[in-house]
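Let's take a walk through this structure together. Have a look at it first, and then we'll go through how some of its parts sit against each other.

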Amino acid sequence: MPAGSDRKVARSSGKAAGSDERILHSSPLRRLLGRPELGSVVGALAVFVFFALLADGFLRPASLSTVLYASSTIGIMAVPVALLMIGGEFDLSAGVLVTSSALVSSMFSYQMTANVWVGAGVSLLVTLAVGAFNGFVLTRTKLPSFIVTLGTFLMLTGLNLGLTKLIDSTVSTKSISDMDGFDSARAVFASTLSVGDVDVKITILWWFGLVAVASWILLRTRVGNWIFAVGGNKDAARAVGVPVEKTKIGLYMGVGFGAWISGQHLLFSYDVVQSGEGVGNELIYIIAAVIGGCLITGGYGSAVGSAVGAFLFGMTSKGIVFAEWNPDWFKFFLGAMLLLATLLNAWVRKRAEATT
């Protein structure tokens, strides 16, 4: 299908849904106000200035590197979660899937006495399969993504704990640090690079790379048109030829791929994995995407916005530490950021609709 046809698909489905922000011809001011990440960028600047003034050492290069690392551990998963939300769905199993990814890599490598890269490869297949399962069940049964992924969340939580205790007789995996391929795998997933006098975690590069690829997909490819179309109005998108089922399954597999990267980082950073980790992280990924401008209803958002949302999370979590405040207040600030960002994004959208 030629690219021009894809633009017509997005335009047609956008008309049925109400609008497609990428197709409408409007003034530069309206286009600026219509950017999904604008509200989160304003919020991020405010939080940055706030901690720069109140937290000693926040602006030091080493401190900013720490903030970026904390942001990247959330941002790697926030990117595919944001794309999934733009497509009109969400995934409650994303947090425990990260732990599943690490557990499969570790236990397969240890039990099969294989090179750790073999375990990593098997883990990739498993996480992609879980994503495909979520998408397949969703599209075939027409059940809400809340129900489908809640079921997957519970199953993975039980499998993570049950299989780990069955195979390793404990709730954590065995050490694989002396196995072939461990050093090279750690270099790929958990190494630290020196940039001048500052240490930079490689997850930051993974994060930036995923944001760039996701932005290119959304804004420059036919798949991006399909994602916005199925999130805006899946029935209208199907009527004009968009492969709705394949698009949704692909988005869930994208979440699986992000979980694989995060899981390998978890494993090769600490060598062993606790089977109960990851529960609750799925909400943080969703929060980062929503703060970045994604709508729960779908059809609106950006990969860059999810990155800004993750950066807000990193700044808040580490800024409280640098300011020497009681970390018990972190969840309060996170909830306040979510509400304020959502209200600001709603205001920005209304201004964009009112501006010519």
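Before we start, one bit of vocabulary: an axis here is a line fitted to C-alpha atoms, for a helix over the stretch in contact, and angles run from 0 to 180 degrees between N-to-C directions. With that in hand, turn to helix α9 (residues 202-220) and helix α13 (residues 303-322), which pack at an angle of about 150°, their axes 8 Å apart. Keep in mind that what you're looking at is a predicted model.

What does that angle tell us about how α9 and α13 run? Angles over 145 degrees count as roughly antiparallel, so α9 and α13 are roughly antiparallel to each other. On the α9 side, the contact is made by Trp207, Val211, Ala214, Ser215 and Leu218. Facing them from α13 are Ala303, Val304, Ala307, Ala310 and Phe311. Sort the residues of this contact by class and you get nine nonpolar, one polar and no charged.

Now for a pair with another angle. Helix α5 (residues 94-112) packs with helix α7 (residues 145-168) at about 25°, and their axes are 10 Å apart. The cut-off for roughly parallel is under 35 degrees, so that is what α5 and α7 are to each other. Their crossing is left-handed. If you'd like to find the contact yourself, look in α5 for Val96, Leu97, Thr99, Ser100, Leu103, Met107 and Gln111. Their partners in α7 are Phe153, Leu156, Thr157, Asn160, Leu163, Thr164, Ile167 and Asp168. By class, this contact of α5 with α7 splits into eight nonpolar, six polar and one charged.

One more pair is worth a look: helix α6 (residues 116-141) and helix α11 (residues 244-270). These two pack at an angle of about 150°, with 7 Å between their axes. The crossing of α6 and α11 is right-handed. In their contact you'll find 13 nonpolar, eight polar and two charged residues.

Let's step back to the whole chain. How many helices and strands does the protein chain have? There are 14 helices and two strands. Of the 356 residues in the chain, 49% are buried. Take the contacts between residues at least 6 apart in sequence: 77% of them join residues at least 24 apart. As for the outside, the chain exposes about 16,300 Å², with carbon and sulfur atoms supplying 67% of that area.

Note on methods
Residues are numbered from 1 along each chain as its sequence is written. This is a predicted model: local features need pLDDT of at least 70, side-chain atom pairs count only at pLDDT 80 or more; totals for chains, interfaces and linings use all residues. Side-chain values use heavy atoms; hydrogens and water are left out. Helices (H or I, at least four residues) and strands (E, at least two) are DSSP runs, numbered from the N terminus. A crossing is left-handed if the near helix is turned anticlockwise from the far one by less than a right angle, and right-handed if clockwise. Ala, Val, Leu, Ile, Met, Phe, Trp, Tyr, Cys and Pro count as nonpolar, Asp, Glu, Lys and Arg as charged, and the others, Gly among them, as polar. Angles under 35 degrees count as roughly parallel, over 145 as roughly antiparallel, 65 to 115 as roughly perpendicular and the rest as oblique. Contact means heavy atoms within 4.5 Å. Buried means under 20% relative accessible area, exposed over 50%, partly exposed in between (1.4 Å probe, protein chains only). Accessible areas come from the Shrake-Rupley method with a 1.4 Å probe; for residues, only the protein chains shown count as cover.
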